[in-house]
Amino acid sequence: MDEQVPYRLSEPVQLTSAAVFDSPHSGRDYPAALQNRSRLDPVRLRASEDALVDELFHSAPEFGAPLLCATAPRAWVDLNRGPHELDPALIDGARTSGINQRIAAGLGVVPRIVSEGTPIYDGKISLAEAEQRIQSVHTPYHARLDFLLKRAQHTFGHAILFDCHSMPSEALRAAPRVRGQLPDIVLGDRFGASAAREITQATQEAFESAGFLVARNAPFAGGYIIQRYGRPARGLHAVQIEIDRGLYLDQSNIAASGNFDSVRNRLMDVTRQLTGINPRPIAVAAE
């Protein structure tokens, strides 16, 4: 993994959309330092990875929008956490005050666990090591994402971030039913705080037009990324997209299933529609 550039940016030939796509949890360049120190085998270490989500949205540049993908894995640094969300149960020297539920669960910016509460390490790491990871991975990723959104807003007058993730199928047990069935997609806009209602509605309609069942804000309303960047009143909209891994992934082996190509093709049309979404123009009173 190149610690200087812990992401892969795919740019369109011509920027024609105000959309920006990012995949912060699909990184799969596992540092030797992590593999050597982890108590987990390579497959179990990948349990929290949003495997192949970057491939599902690979077509965004074809439709005029950039796609920013992490290369560093979530088990090393979680880009959907704030840089100060340090876990004192893992990081020796981290402050013990101001701990939120994510940190207490072991899911801080430097995670202590992967899915199902499985510990990554046998012991602790130093505060200096945690800070070095944040500086080399978290800081440059967010600097680039911030640049892409500001560029879109400068060019088009607004920007729409589509923050792309996947969810284990078992997580859907807490999801609301959609026409009597569990959803395929959960959209999060922090209950309207990170995106205008019309943006989220248009996003939902794009997925539904491709045959996906869509729920909103339950069980996932959105994390740090859309909370940080979503400012609808300023023309900055952010929607989190969660895709059921069971649709496209062999979840036991973390490999593409036989349905992968079909789902990716359906999402290509969704991506095309997402790049065409525009917020309603602000009405101007007649003179």
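This is a short back-and-forth about how a few labels were assigned in this predicted model.

Reader: Let's start in the middle of the sheet. Why is strand S2 called largely enclosed?

Author: Take residues 19–23, the five residues of S2: five of the five are buried, so the rest of the structure largely encloses this strand. Ala-19, Phe-21 and Ser-23 point one way, Val-20 and Asp-22 point the other way, and all are buried. That fits a general pattern: side chains in a regular strand alternate between the two faces of the sheet.

Reader: What makes S8 and S3 partners of S2?

Author: The cut-off for pairing is at least two bridges. S2 has four bridges to strand S8 (residues 159–167), and the two run parallel. With strand S3 (residues 67–70), S2 has three bridges, again in the parallel sense. Both pairs therefore pass the cut-off. As for individual residues, Val-20 has Leu-161 as its bridge partner in S8. On the S3 side, Asp-22 is matched with Leu-68, and Ser-23 with Cys-69.

Reader: Where do these strands sit in the sheet order, and what makes S1 and S10 edge strands?

Author: The order is S1-S3-S2-S8-S11-S9-S10, an open sheet of seven strands with mixed pairing. Strand S1 (7–10) and S10 each have a single partner strand, so one side of each has no neighbour in the sheet, and that puts them at the edges. On average, neighbouring strands of this sheet are turned by 20 degrees against each other, ignoring direction.

Reader: Which helices lie against this sheet?

Author: Helix H5 lies across S1, S2, S3, S8 and strand S11 (236–244), and runs at about 165 degrees to S2. Helix H8 (residues 260–274) packs on the sheet too, where it touches S2, S8 and S11, with its direction at about 140 degrees to that of S2.

Reader: How do you know that the span of H5 agrees with its number of residues?

Author: H5 covers residues 127–156, which is 30 residues, and at 1.5 Å a residue it should span 44 Å; the end C-alpha atoms are 42 Å apart, so the two agree. There is still a bend of about 35 degrees in H5, at Ile-134. Right after the helix comes Gly-157, with a positive phi near 90 degrees.

Reader: What makes the backbone at Leu-52, Arg-179 and Pro-219 worth a look?

Author: In general, most residues other than glycine have a negative phi, and most peptide bonds are trans. Leu-52 has a positive phi near 70 degrees, and Leu-52 is in the loop between helix H2 (42–45) and helix H3 (53–56). Arg-179 also has a positive phi, near 50 degrees, in the loop between S8 and strand S9 (185–188). Then there's the peptide bond from Ala-218 to Pro-219, which is cis, with omega near 10 degrees. Pro-219 belongs to the loop between strand S10 (214–216) and helix H7 (224–229).

Reader: Why is Leu-52 called buried or exposed, and how about Arg-179?

Author: Buried means under 20%, and Leu-52 has 18% relative accessibility, so Leu-52 counts as buried. Exposed means over 50%, and Arg-179 reaches 67%, so Arg-179 counts as exposed.

Reader: What makes Glu-11 and Arg-151 a salt bridge?

Author: The limit is 4 Å between the nitrogen and the carboxyl oxygen, and the closest N and O atoms here are 2.9 Å apart, so the pair qualifies. Glu-11 sits in the loop between S1 and S2 and Arg-151 in helix H5, so this salt bridge ties together parts 140 residues apart in sequence. Glu-11, at 35% relative accessibility, is partly exposed, and so is Arg-151, at 22%. The whole structure holds 17 salt bridges.

Reader: How do you know that Arg-28 and Asp-54 link distant parts of the chain?

Author: Their closest N and O atoms are 3.0 Å apart, in a salt bridge. Arg-28 is in the loop between S2 and helix H1 (32–37) and Asp-54 in helix H3, 26 residues apart. Arg-28 is partly exposed at 31%, whereas Asp-54 is buried at 3%.

Methods: Residues numbered from 1 in each chain as written. Predicted model: local features only at pLDDT ≥ 70, side-chain atom pairs only at ≥ 80, totals over all residues. Heavy atoms only, no water. Buried < 20%, exposed > 50% of the residue type's maximum accessible area, 1.4 Å probe, protein only. Expected span 1.5 Å × (residues − 1). Bend = angle between axes of the 7 residues up to and from the residue. Axes fitted to C-alpha atoms, helices over the stretch in contact; angles between N-to-C directions. Contact = heavy atoms within 4.5 Å. Salt bridge = Lys/Arg side-chain N within 4 Å of Asp/Glu carboxyl O.
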